[in-house]
Every structure is written in structure tokens, then in C-alpha cells.
Amino acid sequence: ADVFKADFLAERQAREELHRQKELQHKKLLVLQMEYSKLRSEHEESTRNHIEELQRRHNDSPRLLLGPGNYFSSGNTVPFNTPANQPDYRCPKCQYLAPDMDTLQIHVMDCIQ
């Protein structure tokens, strides 16, 4: 009878230990889920702010179109208002000169519609 009692107590302690570990893991899971949710909302807000800033920059920038006055009279095809080492971000449809690639992408999506 003592053998059965000792075996029963050992199993009971093992079950209680497993239950404690399960509860600890569950608490860790809840903390991680809350942290994930917070990080996800911060990321979404950051992305939304970035897109709004790009759209604002796109809408605020003047639409520079190529015209005959933007070139040197010598026939050189390099516009005098663009430094030689800076990339030329132009809309392929309307030749809008964008300040950066993000603004150009937003413009092109609007322009082709």
C-alpha cells in the first residue's frame, strides 16, 4: 500500500509541476501577444504616417514639365537646373520631374489612371 501511495504522490507532484509550467507558458504567451499587438499597431501607424508624408510631398511639389527653356541653347540635352550626379526622376508619360523615387512612384500611379 505504501508503494501505491508513493507512486500516487509522485504522479500528483508531476501533474502539479506540469500545470505550473503550463500556466507560466500561458502567461508568457499573453505577454508576447500583447507586445506583438503593440508593435504591429506602431508599425501600421508609422507606415501610415510615412505614406501620408510622401503623398503630402507629392502634392506640395511643383509640377516641373520639360519645356524648350530648360535646355542650353547649344543643343545639349542636359537640363541646366539638374546637377549631373543627381538621378533624373521623370514621369515617362508627362515628364514630371520628381524630387525622389517615392514621389515619382506615387505620381506615376496617379498619372496613368
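**Figure 1. The largest nonpolar core of this predicted model brings together seven residues.** The members are Tyr89, Cys91, Tyr96, Ala98, Leu104, Val108 and Cys111. Helix α2 gives the largest share of this core, with three residues. Leu104 is a good one to centre the view on: leaving aside residues up to four places away in sequence, Leu104 touches Tyr89, Arg90, Cys91 and Ala98. Of those neighbours, Cys91 is buried at a relative accessible area of 1%, and Arg90 is buried too, at 15%. As for the general picture, nonpolar side chains tend to be buried together in soluble globular proteins.

**Figure 2. Cysteines sit around the core, yet the structure holds zero disulfides.** Start with Cys91, whose closest cysteine sulfur is the one in Cys94, 3.7 Å away. That is too far for a bond, because a disulfide here needs the two sulfur atoms within 2.5 Å. Now look at Cys111: the nearest cysteine sulfur is that of Cys91, at 3.8 Å, and Cys111 is in no disulfide either. Cys111 counts as buried, with 17% relative accessibility. Both Cys91 and Cys111 belong to the nonpolar core of the previous figure.

**Figure 3. Asp100 and Arg57 pair up across distant parts of the chain.** Their salt bridge has its closest N and O atoms 2.4 Å apart. Asp100 lies in the loop between β2 (97–98) and α2 (101–111), while Arg57 is in helix α1, and 43 residues separate the two. How buried or exposed are the two partners? Asp100 is buried, at a relative accessible area of 16%, whereas Arg57 is partly exposed at 30% relative accessibility. In general, side chains of opposite charge can pair when their charged atoms come close.

**Figure 4. A second local pair, Asp88 with Arg90, and the wider network.** The side chains of Asp88 and Arg90 form a salt bridge with an N to O distance of 3.1 Å. Asp88 is partly exposed at 45% relative accessibility, but Arg90 is buried at 15%. Elsewhere, salt bridges with shared partners tie Glu53, Arg57 and Asp100 into one network. Glu53 has its place in helix α1 and is partly exposed, with a relative accessible area of 29%. To get your bearings around Glu53, find Thr103: the two are 50 residues apart in sequence, and their C-alpha atoms are 10.0 Å apart in space.

**Figure 5. Glu17 and Arg20 make a salt bridge within helix α1.** The N to O distance between these side chains is 2.9 Å. Why does the spacing along the helix matter for reading this view? Glu17 and Arg20 are three residues apart in helix α1 (residues 2–60), so about one helical turn separates them. Both partners are partly exposed, Glu17 at 35% relative accessibility and Arg20 at 48%. Across the whole model, the count of salt bridges comes to six.

**Figure 6. Gln95 has a positive phi without being a glycine.** The angle is about 65 degrees. Gln95 is found in the loop between β1 (89–90) and β2. With a relative accessible area of 29%, Gln95 is partly exposed.

**Figure 7. Handle residues 64–76 with care: pLDDT stays under 50 there.** For this stretch the model has 20 contacts beyond four places in sequence. Where pLDDT is low, the predicted coordinates should not be read in detail. For the protein as a whole, the mean pLDDT is 81, and 76% of residues reach 70 or more.

**Figure 8. Zooming out, the protein has two helices and two strands.** Going from the N terminus, the elements run α-β-β-α. Buried residues account for 16% of the 113 residues. The exposed area is about 9500 Å², with 58% of it supplied by carbon and sulfur atoms. If you count contacts between residues at least 6 apart in sequence, 41% of them join residues at least 24 apart. The Asp100 and Arg57 salt bridge is one link between distant parts of the chain.

Terms used
Residues numbered from 1 in each chain as written. Predicted model: local features only at pLDDT ≥ 70, side-chain atom pairs only at ≥ 80, totals over all residues. Heavy atoms only, no water. pLDDT = per-residue confidence, 0-100. Contact = heavy atoms within 4.5 Å. Salt bridge = Lys/Arg side-chain N within 4 Å of Asp/Glu carboxyl O. Helix = DSSP H or I, 4+ residues; strand = E, 2+ residues; numbered from the N terminus. Buried < 20%, exposed > 50% of the residue type's maximum accessible area, 1.4 Å probe, protein only. Core = buried A, V, L, I, M, F, W, Y, C linked by side-chain atoms within 4.5 Å. Areas by Shrake-Rupley, 256 points an atom, 1.4 Å probe, with all protein chains shown as cover.
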